[in-house]
Number of protein chains: 4
Amino acid sequence: MNFRVSSDLSYTLRGPSTFFFAIKCLATGGQRILNENLYTSLEVPTDDFTASVGMNRFTRIRTSGSGAMQVRYQADVETSTQIADVASLLADDPGRLDPDAVPFLFPSRYCQSDRLRQQALDLFGHLPDPYSIASGVSDWIYEKVTYKSGSTNEQSSAVDTLEQRQGVCRDFAHLAIAMCRALNVPARYVSCYSHLLNPTDFHAVFEVFIGKLWYVFDPTRLAPLNGLVRVATGRDAADVSVCTIFGDPILERSEVICNSLDGQFVPITRDTLMAANQVIALL
Amino acid sequence: MNFRVSSDLSYTLRGPSTFFFAIKCLATGGQRILNENLYTSLEVPTDDFTASVGMNRFTRIRTSGSGAMQVRYQADVETSTQIADVASLLADDPGRLDPDAVPFLFPSRYCQSDRLRQQALDLFGHLPDPYSIASGVSDWIYEKVTYKSGSTNEQSSAVDTLEQRQGVCRDFAHLAIAMCRALNVPARYVSCYSHLLNPTDFHAVFEVFIGKLWYVFDPTRLAPLNGLVRVATGRDAADVSVCTIFGDPILERSEVICNSLDGQFVPITRDTLMAANQVIALL
Amino acid sequence: MNFRVSSDLSYTLRGPSTFFFAIKCLATGGQRILNENLYTSLEVPTDDFTASVGMNRFTRIRTSGSGAMQVRYQADVETSTQIADVASLLADDPGRLDPDAVPFLFPSRYCQSDRLRQQALDLFGHLPDPYSIASGVSDWIYEKVTYKSGSTNEQSSAVDTLEQRQGVCRDFAHLAIAMCRALNVPARYVSCYSHLLNPTDFHAVFEVFIGKLWYVFDPTRLAPLNGLVRVATGRDAADVSVCTIFGDPILERSEVICNSLDGQFVPITRDTLMAANQVIALL
Amino acid sequence: MNFRVSSDLSYTLRGPSTFFFAIKCLATGGQRILNENLYTSLEVPTDDFTASVGMNRFTRIRTSGSGAMQVRYQADVETSTQIADVASLLADDPGRLDPDAVPFLFPSRYCQSDRLRQQALDLFGHLPDPYSIASGVSDWIYEKVTYKSGSTNEQSSAVDTLEQRQGVCRDFAHLAIAMCRALNVPARYVSCYSHLLNPTDFHAVFEVFIGKLWYVFDPTRLAPLNGLVRVATGRDAADVSVCTIFGDPILERSEVICNSLDGQFVPITRDTLMAANQVIALL
């Protein structure tokens, strides 16, 4: 599938700041950047980094003065997905583990799986396999946690969300990841552009490693799973925050768009997958 | 320098468990494994993983039954260090940043730099450069935090240590890392064997990226910095915990040894470095 | 019923300290102190206070030097209880509220009912009346939380216990109180001597105000409810801690005893009450 | 002094709710209610309670339906204050303690003095007497914590404020109280109407018991200390929250006014008191 994604961020600077943006799309085996462009309204030092961790792409922008700054990114991206029968996953050796999945078994800043182990066992310990755990956790969160804009902030974690029972996509993903890891299921965070997400914004979902691939789940059920364009993959939002800032600029405006460039787009959702007893992976 | 390190861990198993050990020494540009051996007292599935993240080495052991299990590791390791004048660091372009250092600017499970930013600015915001920040933070922790065995547990984090003002080497390193990252200084956690550490145990210190290298600091001042043998490097203990366990075995006994194999060992400590206005890196 | 209670506490002093003990039994409408004696091994300033809040009795002891100090209390106490049919409670006007019960609707140090409201609603919101809520909460905690000595400390709160799913009598009571208050049911903490508690120690239970009286529940089910001798009543352990200390003495030894002085003692437990569909109040 | 105070609160009801308002002024030895009136726009069950704890006055309003509800209170109140020389306080027996002050030595929901003891000792342990501690704490908070509307919520506590270094009057008072209690100085929370507070709203300050009286301090320095009209006194906001709600109505609008009824009002502030080396108590 082909998508045109863009993000347009306007800041008011107040003294020196260092920004680390993670808004450029990721190039993977299955995701190809057809073209892209990053524009900054100021003549300021701009450095691009690709961290060996997850190959995520960061753009550092260092500003000294005050006033307005606009950062705009646009790209055309070709994505591909793979559908698998749940049955085929269950056939896999449950003990098989990819070396690169190991770090995603451990707790992280916003996914304190070590603190939630008892509750995870209590709620999901009876589930027999990684797929059942991932989908069970995702459905439980959809039912028990209320999606509420502005109910959390960038310091909110899985522990907070489990306690408060409300949050946004980021919080839903964090809680799901923490629960999966607590049960020895490798889980990671995906920051993405999302087609048909309403209202349009960056989106966050989680992936679970089962057998050979990372399969994607969205506890918010707010957008089709085949409309996601991967920006970054990490342990949680700490790794892939859209923007990490040292300094205190104000975000004035943010516009995020993700449109399909194909003739028609046939949404694949949690419900269609459940009906067919399938799962989907973003390649 | 050459060291013989060993760790001997005895567990009582109570039902199925999965262990992830990070006790094998790391092979780096400057650290060479001359020989090593890992022994497990049970005939159980054992898998070795080297995660692309930091190249850390994990040994997964899966047990099904109950009873005693012993895990023993021994290795001879050649290490090398590099000493630099503080002046030379200050000459470096402060904006220079290694791509692989970027992830170590962000908060992690036990180093919630996002939550400590205001206090970090308040305490250390006036310090002019990464070196001053790293050594200032390290000295402040040494003075303000009491080293107290058993005062914390494996869930304790930098926020807890800043609040309670007590902890062990792991907690000291976590707090230092969180403070440095809060001030835009890349900092990471080092799990290590430590010559002349008293009582003998695994040790933890932190490294800060300045200019070209990761320089090491130890807020506990409990052991010489040139007697450290690197086991693993990570964002914090979540990445490199000596043992992450799924299940509930009991650790009955732990013996850790690190001896010099050289004729004589001349300790390099924080004080000798300060006197010479130098820093040290483990290569 | 008549009981002989005693507590014997030995401390090692390390510099000046101020102790606030709450170990003397409370005199209430239904509980009479037949005789009592408090002994302190040192000649130090000792003041008795009876706070208007709950009429709790505090003994302040101020020490200046170092060395050993022993504090011993013994009393003979006559207690009385009242049994009521659950049916009779349900007949009461649910809106009826005693002015002195109002403060026990609000969150307190270790019972953060404000933070647990959503989970309380989720778990117990369907229960129709205060009695059902109190007994439902008490049973749920008995089933879901593991009693484990040493698993918590004096800073542990209801939020921690709900997260960690383990604790001691104090933690069980705190969690129960928080859940009840979150659902608009006045609940308070009772520190007490407890006959047939094993191992012998101070005990903690909770009371819920229903209709006209405070009825007692014990989520630990470790001792008969008619064997409790009230020491203090409060919002939580912060009000009625056996000993609040300013300074850093070490508690070396603690011995607590509560024996029946009557010919025979017929235990009334949660199970006998459930079987008879009754509740019990300590007068 | 004489003041006319009023509060006007508008809610949108969404299903059954129980409100506990603490907006009526307190009658004390030095504060007299000349006249008062509480108006509720709905015909709903309304009960008045005066809890023996601090004699605070609560108004419970129980609503069943949906729609708008307005609650309006107005009163004319005569207040009196007492000024004392700091020197006279220092002359008092530091060991003197009022029984009713004892509960205000212990931690409470939003003032976790038990968790902050080490930091309190570190920051203020050198101060020689209760007055120095109270004013030192108050000044430190004024300097270190940023007053920022909307930066906290009703769950924020002293621990959070010490970490985040920002908050509103309620948070400033909570942190001050926690610090004082951690150092064995009885401290309590005062909810009040406040003349010349800008913008007009309910205000919160703290009182410390020294010698014979509770002296008042305001770490925000936002209003004169002799313009305060006491609504309620408690351990912290949990005791005296302007409104505690069971249910989920929305507060649409709040208007709070406090005007002087006297010919002229001569403000007494922290600075005028410091200059004269005096303290002030609200009688």
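This is a short dialogue on how chain A and chain B meet in a predicted model.

Me: Where do I start with the contact? How many residues does each chain give?

Reply: Start with a count from each side. Here chain A gives 37 residues and chain B gives 37 residues.

Me: How much area do chain A and chain B bury between them?

Reply: About 3,300 Å². Then look at the atoms behind that figure: 59% of it lies on carbon and sulfur atoms. On the chain A side, A:Phe106, A:Arg109 and A:Phe246 lose the most area to chain B. Together they make up 20% of what that side buries.

Me: What about charged pairs? How many salt bridges are there between chain A and chain B?

Reply: Four. To see one, find B:Arg109 and A:Asp114, whose side chains meet at 3.0 Å, N to O. Polar contacts are a separate count: 10 residue pairs across the interface, with both residues at pLDDT 80 or more.

Me: Which elements of chain A give two or more residues to the side that touches chain B?

Reply: Both strands and helices. Among them are β2 (17-21), β5 (57-63), α2 (113-124) and α5 (169-182). By type, the residues on that side divide into 17 nonpolar, nine polar and 11 charged.

Me: How are the two copies related?

Reply: Look for the rotation that superposes one on the other. For chain A on chain B, the rotation is 180°, with 0.0 Å of shift along its axis and an RMSD of 0.0 Å. The copies are therefore related as by a two-fold rotation axis.

Me: Which residue of chain A comes closest to the rotation axis?

Reply: A:Arg109, with its C-alpha at 1.7 Å. Both copies use the same surface: 100% of the contact residues of chain A recur in chain B.

Key. Residues numbered from 1 in each chain as written. Chains lettered and ligands numbered in written order. Predicted model: local features only at pLDDT ≥ 70, side-chain atom pairs only at ≥ 80, totals over all residues. Heavy atoms only, no water. Contact = heavy atoms within 4.5 Å. Buried area = accessible area lost by both parts, 1.4 Å probe. Polar contact = N/O pair within 3.5 Å; in protein donor to acceptor, adjacent residues only side chain to side chain. Helix = DSSP H or I, 4+ residues; strand = E, 2+ residues; numbered from the N terminus. Nonpolar A, V, L, I, M, F, W, Y, C, P; charged D, E, K, R; others polar. Least-squares fit on C-alpha atoms with pLDDT ≥ 70 in both.
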